[in-house]
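Dear colleague,

I am handing over the structure below, and I would be glad if you could keep it open while you read the notes that follow.

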Amino acid sequence: MSSRASKLFVISGPSGTGKGTLVASARKRLPHLGLTVSATTRSPRTGESDGKNYYFLSEEEFSHRVESGAFLEWAYVHGNRYGTLISEVEAKLARGHSLILEIDVQGALAVKERFPDAVLVFIEPPSLEVLRERLSGRGTEAAPELEQRLSDAKHELELACHYDARIVNDDLSRATDELVELIGVYERQ
């Protein structure tokens, strides 16, 4: 019998803060954590595959699923729709293990309304200047998209006060240690 309690952890923060890398690093140390695959209307990036990185849906299919109540949360982010399928969350939690969701800030706040015991963790960049460098260095956005992401980041940083914990991702090893410790504390409660 495990001494861990099943918990729903929600990781979010501005684009470019390294959420995916941080979650992957934490999951290497905490392999019991389940991870859901989100759905999106955006096109796959090089190397991404359907069902592994995201469920890539057409606008029509996404709308159909919204209308049928299939999403725990969904939102427009950077001109595309992203959402978490309820079936993904329920399947993972039903196994009695903790689950970690990596979703946008709007979605995280919606999850907290539906699952008040969810633990929201906000990942912050060291500064907006560092965030700009990270986003530029990815080379995945044109200048207008980059500026939109930075504008969105400023707004998202204002919402960090609604989270249970905040982690500055300025050093992956330190940030991973902090996230792993935080998850352990909540699972022991």
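**Salt bridges, sheet and aromatic rings**

Within helix α7, R174 and E178 lie four residues apart, which is about one turn of the helix. Please bear in mind throughout that this is a predicted model. These two residues form a salt bridge, and the closest N and O atoms of R174 and E178 are 2.5 Å apart. R174 also forms a salt bridge with D170, where the closest N and O atoms are 2.7 Å apart, and in this way D170, R174 and E178 are linked in a network of salt bridges.

As to how far these side chains are open to the surroundings, R174 is partly exposed, with a relative accessible area of 31%, and E178, at 31% relative accessibility, counts as partly exposed as well. D170 is likewise partly exposed, its relative accessible area being 48%.

A search of the whole structure finds nine salt bridges, and one of them joins D177 to R29, with the closest N and O atoms 2.7 Å apart. This pair links distant parts of the chain, since D177 belongs to helix α7 and R29 to helix α1 (residues 19-29), 148 residues apart. D177 is partly exposed, with a relative accessible area of 36%, and R29 is partly exposed too, with a value of 44%.

Turning to the strands, there is an open sheet of five strands in the order β2-β7-β1-β8-β9, and the pairing is parallel. Because β2 (34-35) and β9 (165-168) each have a single partner strand, they stand at the edges, and one side of each is left without a neighbour in the sheet. Helix α7 (residues 172-187) packs on this sheet, where it touches β1 (8-12), β7, β8 (119-124) and β9, and the direction of the helix makes about 165 degrees with that of β9. At the other edge, β2 runs parallel to strand β7 (residues 99-102) and is joined to that strand by two bridges, and the bridge partner of G34 in β7 is L99.

The aromatic side chains deserve a separate look, and it may help to recall that a pair of aromatic rings is described by the distance of the centres and the angle of the planes. The structure holds seven aromatic pairs. In one of these pairs, the rings of F62 and F71 have their centres 4.5 Å apart and their planes at 25 degrees, so the pair is stacked, and both F62 and F71 are buried. The rings of F62 and W74, by contrast, have their centres 6.0 Å apart and their planes at 75 degrees, so this pair is edge-to-face. That second pair links distant parts of the chain, with F62 in helix α2 (residues 59-67) and W74 in strand β5 (residues 71-77), twelve residues apart.

The surroundings of these two rings can be given as well: F62 is buried, with a relative accessible area of 0%, whereas W74, at 34% relative accessibility, counts as partly exposed. Taken together, F62, F71, W74 and Y76 form one aromatic cluster. Finally, the charged end of R81 sits over the ring of W74, at 5.4 Å from the centre of that ring.

With kind regards

Notes
Residues numbered from 1 in each chain as written. Predicted model: local features only at pLDDT ≥ 70, side-chain atom pairs only at ≥ 80, totals over all residues. Heavy atoms only, no water. Pairing = 2+ DSSP bridges. Contact = heavy atoms within 4.5 Å. Axes fitted to C-alpha atoms, helices over the stretch in contact; angles between N-to-C directions. Salt bridge = Lys/Arg side-chain N within 4 Å of Asp/Glu carboxyl O. Buried < 20%, exposed > 50% of the residue type's maximum accessible area, 1.4 Å probe, protein only. Phe/Tyr/Trp six-rings, centres within 6.5 Å; stacked < 30°, edge-to-face > 60°. Lys NZ or Arg CZ within 6 Å of the ring centre and 35° of its normal.
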